[in-house]
Amino acid sequence: MDPRVNDVLERMRQTAAQAAQAMGKAADVASKKTNELVSSTKVNLQIFELKNDIEALYKEVGRSVYMAHTGETVDPQEIDGKIAQIDDKVARLCCLQEELEQQRPGKKCPACGKACQPEDAFCRFCGQRL
Ligand SMILES: [Zn+2]
């Protein structure tokens, strides 16, 4: 690996533990916020926006890593900040997707977890009594 890229990545690794801690807090706050949401349209819109934001951040981090490769000055803290934002958004995305799953009409099979129709007496996938 390019030594300059390696240097940036190494410095980022050193702050990974702190970032993980911060992410735990962020996920906690995010799940509380998620619980307040009721409309699935709203949830879908938020999922769409989060995915866009995450893609944009991926791009920015990638550009910074490439700049390190070309020898330009890159602030590892700036990359850390962006990665922390990605962590936060990914955590929120997971919460929202779970939320959406729960709002879906019908019921979930307790054995295989697949979605069944509300009128089903047995799971159409594994035969479990519902
Ligand atoms: Zn089943």
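## A four-helix chain with a zinc site

Helix 3 has 31 residues, and from its first C-alpha to its last it reaches 45 Å, close to the 45 Å expected at 1.5 Å a residue. The model you are looking at is predicted, and helix 3 (residues 40–70) is where confidence in the chain is highest, with a mean of 92. Alongside the helices there is a zinc ion, whose protein donors are Cys-109, Cys-112, Cys-123 and Cys-126. Let's take the chain piece by piece.

**The overall layout**

- The secondary structure of the chain comes to four helices and two strands.
- Reading from the N terminus on, you meet these elements in the order α-α-α-α-β-β.
- The chain has 130 residues, and buried ones make up 25% of them.
- Take the contacts between residues at least 6 apart in sequence: 53% of these join residues at least 24 apart.

**How far to trust the model**

- The chain has a mean pLDDT of 83, and 79% of its residues reach 70 or more.
- Where is confidence lowest? It is lowest in helix 2 (residues 16–35), which has a mean of 61.
- A good habit to learn here: where pLDDT is low, the predicted coordinates should not be read in detail.

**Helix 3 and its partners**

- Which residues of helix 3 are buried? They are Val-43, Ile-47, Leu-50, Ile-54, Leu-57, Val-61, Ser-64 and Ala-68.
- These buried residues of helix 3 pack against helix 1 and helix 4 (76–103).
- Ser-64 is a nice one to find on screen: its place is in helix 3, and it counts as buried because its relative accessibility is 10%, under the 20% cut-off.
- Setting aside neighbours within four places in sequence, Ser-64 is in contact with Val-74, Ile-79 and Lys-82.
- Just after helix 3 comes Gly-71, which takes a positive phi of about 95°.

**Helix 1 and its two sides**

- Helix 1 (residues 3–14) has twelve residues and reaches 16 Å from first C-alpha to last, close to the 16 Å expected at 1.5 Å a residue.
- Its buried residues are Val-5, Val-8 and Met-12.
- Why do we say that these residues line one face of helix 1? Seen down the helix axis, the buried residues fall within an arc of 65°, so they line one face.
- Pro-3 and Gln-14, on the other side of helix 1, are exposed.

**The zinc site**

- What holds the zinc ion? The SG atoms of Cys-109, Cys-112, Cys-123 and Cys-126 are its protein donors, and they lie 2.3 Å from it.
- The arrangement is tetrahedral because the four donor atoms subtend angles of 104 to 119° around the zinc ion.
- For comparison, the ideal angle for four tetrahedral donors is 109.5 degrees.
- Along the sequence, the donor residues follow the spacing C-x2-C-x10-C-x2-C.
- Cys-109 and Cys-126 link distant parts of the chain: Cys-109 is in the loop between strand 1 (107–108) and strand 2 (115–116), while Cys-126 is in the segment after strand 2, 17 residues apart from it.

**Buried or partly exposed around the zinc**

- Cys-109 counts as buried, at 3% relative accessibility.
- Cys-123 lies in the segment after strand 2 and is buried too, with a relative accessible area of 5%.
- Cys-126 is partly exposed, since its relative accessible area is 43% and partly exposed runs between the cut-offs of 20% and 50%.

**Neighbours in space at the site**

- Cys-123 and Cys-109 are 14 residues apart in sequence, and their C-alpha atoms are 6.1 Å apart in space.
- Leaving aside neighbours within four places in sequence, Cys-123 is in contact with Cys-109, Cys-112, Cys-116, Gln-128 and Leu-130.
- Gly-113 is found in the loop between strand 1 and strand 2, and it is partly exposed, with a relative accessible area of 33%.
- From Gly-113 to Cys-126 it is 13 residues in sequence and 9.7 Å in space, C-alpha to C-alpha.
- Gly-127, in the segment after strand 2, is partly exposed with a relative accessible area of 43%.
- Gly-127 and Cys-109 are 18 residues apart in sequence and 9.2 Å apart in space, C-alpha to C-alpha.

Definitions and conventions:
Residues numbered from 1 in each chain as written. Predicted model: local features only at pLDDT ≥ 70, side-chain atom pairs only at ≥ 80, totals over all residues. Heavy atoms only, no water. Donors = N, O, S within 2.8 Å, 3.2 Å for Na, K, Ca; no water. Tetrahedral: all angles 85-135°; square planar, octahedral: opposite > 155°, others 65-115°. Buried < 20%, exposed > 50% of the residue type's maximum accessible area, 1.4 Å probe, protein only. pLDDT = per-residue confidence, 0-100. Contact = heavy atoms within 4.5 Å. Expected span 1.5 Å × (residues − 1). Arc of directions from axis to C-beta.
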